[in-house]
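Hi, here is the note I promised you on this model. Have a look at the structure first, and then read through my points below.

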Amino acid sequence: MQNVIGDMLLNTKEQTNINAMIRTVSHTRSKFKVKPPASSVRFSVDSHQSTPHRASLPLSLADTWTPPPPLRRQQRHRRRRHRADQHHRDAPAAQPPRRAAPPRRADRRLLLRPRTPSRATPTSSRRPPSTSPRGTSLLRHAFFDLSPPPRRRRSSPTAAAGPRECLGVDPAPARAALVTCGGLCPGLNTVLRELVVGLHELYGVRDVFGVAAGYRGFYGADEDHVRLDPATVDDWHKKGGTVLKTTRGGFDLNKIVDGIVARGYTQIYAIGGDGTMRGAVAIFQEFKRRGLNISITGIPKTVDNDIGIIDRSFGFQTAVEIAQQAIDAAHVEAVSAVNGIGLVKLMGRSTGHIALHATLSSRDVDCCLIPEVPFHLEGKGGLFEFLYSRIKEKGHAVIVVAEGAGQELIPRTDDQKREQDESGNIVFLDVGPFLKSELGRWWKREHPNELFTVKYIDPTYMIRAVPANATDNLYCTLLAHSAIHGVMAGFTGFVPGPKTGLTVIFRWKILL
Ligand SMILES: Nc1ncnc2c1ncn2[C@@H]1O[C@H](COP(=O)(O)OP(=O)(O)OP(=O)(O)O)[C@@H](O)[C@H]1O
Ligand SMILES: O=P(O)(O)OC[C@H]1O[C@](O)(CO)[C@@H](O)[C@@H]1O
């Protein structure tokens with residue numbers, strides 16, 4: 001079964017892209033392409049090849065984002081040479097012609113960039129500077145460089161995802177741990193399944209473990225570490241939620257890293273939202289501080305689709321589809337009542353992507369309230385004024401509200417102001433029931449003799465507790481395999497994701 005899926009994947013457009021990328025990557029010298037170790041392993045991407053060819057090679061997972069030592073030495077050498085040259089060139093500038101006119105404004109700018117002396121005219125053999133005004137101006141052009149300053153080399157924040165020509169780590173002793181944290185999202189189980197199957201089938205990594213109940217599982221009991229193989233995870237993509245279980249909070253850095261070391265894990269795959277990624281960065285830094293050759297990668301999960309740097313997060317499309325069903329129901333309820341209002345609350349703490357996408361695709365929504373756009377209820381330009389005009393025009397109205405919208409309008413007690421969840425996120429008050437009761441009060445006050453109905457639908461957990469749809473399922477596979485390819489190539493401290501249509505791997509730094 002796994003092989004069939006592997007074959008299928010090789011035929012997808014994504015895999016074609018990956019293959020194209022492999023060619024590109026192997027022919028261009030990407031700035032942060034990992035330099036294969038001397039005894040690197042060659043392998044072919046073949047789903048049937050369960051045990052890749054191996055050579056005995058030292059596991060080298062040092063922070064692959066920093067240039068390898070020989071390059072650093074070269075850079076140091078170049079910098080020293082540059083400084084020596086500069087010192088040399090500065091010497092004549094330190095003794096300016098006594099009666100020379102002060103440099104013109106344009107020239108003053110150039111003073112910061114002394115020109116590299118030409119090889120044909122060594123500095124020592126130059127004639128002493130002339131003091132005539134004409135000579136000075138000539139001199140300035142001879143001494144000061146008009147070319148743009150040398151560009152500083154920066155390492156790129158992304159690299160193409162996909163398998164590399166050479167392995168950066170030995171699959172035989174590799175021991176992978178998978179963990180899910182934060183809220184649920186359609187496709188979590190597919191990512192887990194594809195990590196297990198990919199590690200087994202593509203690279204022959206046999207020791208793959210699921211860590212139960214989020215980060216706290218790393219320092220939990222032995223039962224929290226479950227050995228996974230392709231047979232165990234075979235039908236996980238058909239299940240909603242996460243078989244491994246997820247939690248918030250419980251992030252104790254030292255205990256987590258101690259737990260990872262004690263169990264001999266060499267690769268960590270953390271699937272979660274922004275909190276999980278911050279946690280993974282902390283673990284990555286602790287690995288570096290302790291000098292541990294353990295690779296860590298994060299697979300971005302957010303049903304809210306609120307990671308701006310990637311085109312789309314997995315599970316989002318599925319969530320939008322389910323949200324549309326709720327909007328359809330609200331619409332039916334609204335049109336079937338006299339002066340009916342259908343109100344749907346959807347997920348979205350700080351962004352209204354689910355609400356907006358479901359609204360635009362359903363075409364039945366009159367008003368979409370999202371956290372990014374503040375609104376008010378009463379008075380000119382307020383929600384009630386708008387709804388009244390819609391009801392008069394059509395006889396009904398449909399409202400979609402994202403959970404993070406209008407939070408500032410809801411009265412809070414002091415305790416509620418301070419309330420946080422276990423991960424430290426502010427607990428939101430429920431905007432759905434608040435709006436429902438405010439709408440009822442408004443209508444009773446303003447139009448006491450007219451019929452009015454509000455039907456409120458809250459599909460919050462329904463939209464994220466379902467299995468991923470076909471598109472998200474395929475996307476989860478691409479993400480999981482991109483993570484594996486990155487780790488097996490020797491990268492650490494990265495997340496895979498699509499950026500303007502291409503699947504790439506990002507350094508942590510630019511994501512958070
Ligand atoms: N700044 C941080 N540093 C270290 N760990 C963190 C940080 N923020 C959150 N975590 C840990 O990451 C895990 C998940 O965080 P959180 O509950 O915020 O979910 P999330 O990953 O943001 O997902 P969601 O988008 O569903 O909320 C928790 O174990 C939490 O303790
Ligand atoms: O009820 P839980 O599990 O804490 O999760 C709720 C939050 O999770 C999210 O779905 C993000 O994953 C938010 O939209 C929502 O506020």
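The points below deal with aromatic rings and then with the two ligands.

1. A word on the basis: this is a predicted model, in which local features need pLDDT of at least 70 and side-chain atom pairs count only at pLDDT 80 or more, while totals for chains, interfaces and linings use all residues. Residues are numbered from 1 along each chain as its sequence is written, chains are lettered from A and ligands numbered from 1 in the order in which they are written, and side-chain values use heavy atoms, without hydrogens and water.

2. You will find nine aromatic pairs here (rings of Phe, Tyr and Trp, the last by its six-membered ring, with centres within 6.5 Å; planes under 30 degrees apart are stacked, over 60 edge-to-face, the rest tilted). F209 and Y265 make a tilted pair, because their planes stand at 55° with the centres 5.8 Å apart. F209 belongs to strand β5 (207–211) and Y265 to the loop between α7 (253–262) and β7 (267–272), so this pair ties together parts 56 residues apart in sequence. Helices (H or I, at least four residues) and strands (E, at least two) are DSSP runs, numbered from the N terminus. Both F209 and Y265 are buried (under 20% relative accessible area; exposed is over 50%, partly exposed in between, with a 1.4 Å probe and protein chains only).

3. Y388 and W443 are also tilted, at 50° between planes and 5.9 Å centre to centre. They connect helix α11 (383–394) with helix α13 (431–446), 55 residues apart. Y388 is partly exposed at 25%, whereas W443 is buried at 2%. Both belong to one aromatic cluster with F384, W442 and F452.

4. Which residues are closest to ligand 1? They are G183, G249, T276, K301 and S423, out of 17 that surround this ligand (a heavy atom within 4 Å). Oxygen atoms of ligand 1 lie 2.8 Å from a polar side-chain atom of D274 and 2.7 Å from a side-chain N or O atom of K301. The protein covers 80% of the 620 Å² of accessible area that ligand 1 has on its own (Shrake-Rupley method, 1.4 Å probe; for residues, only the protein chains shown count as cover).

5. K301 is also among the residues around ligand 2, as are R349 and E403. Oxygen atoms of ligand 2 lie 3.0 Å from a polar side-chain atom of R248 and 2.5 Å from a side-chain N or O atom of Y461. Here the protein covers 77% of 400 Å².

How values were computed
A polar contact is a pair of N or O atoms within 3.5 Å; within protein, one must be able to donate a hydrogen and the other to accept it, and residues adjacent in sequence count only if both atoms are side-chain atoms.
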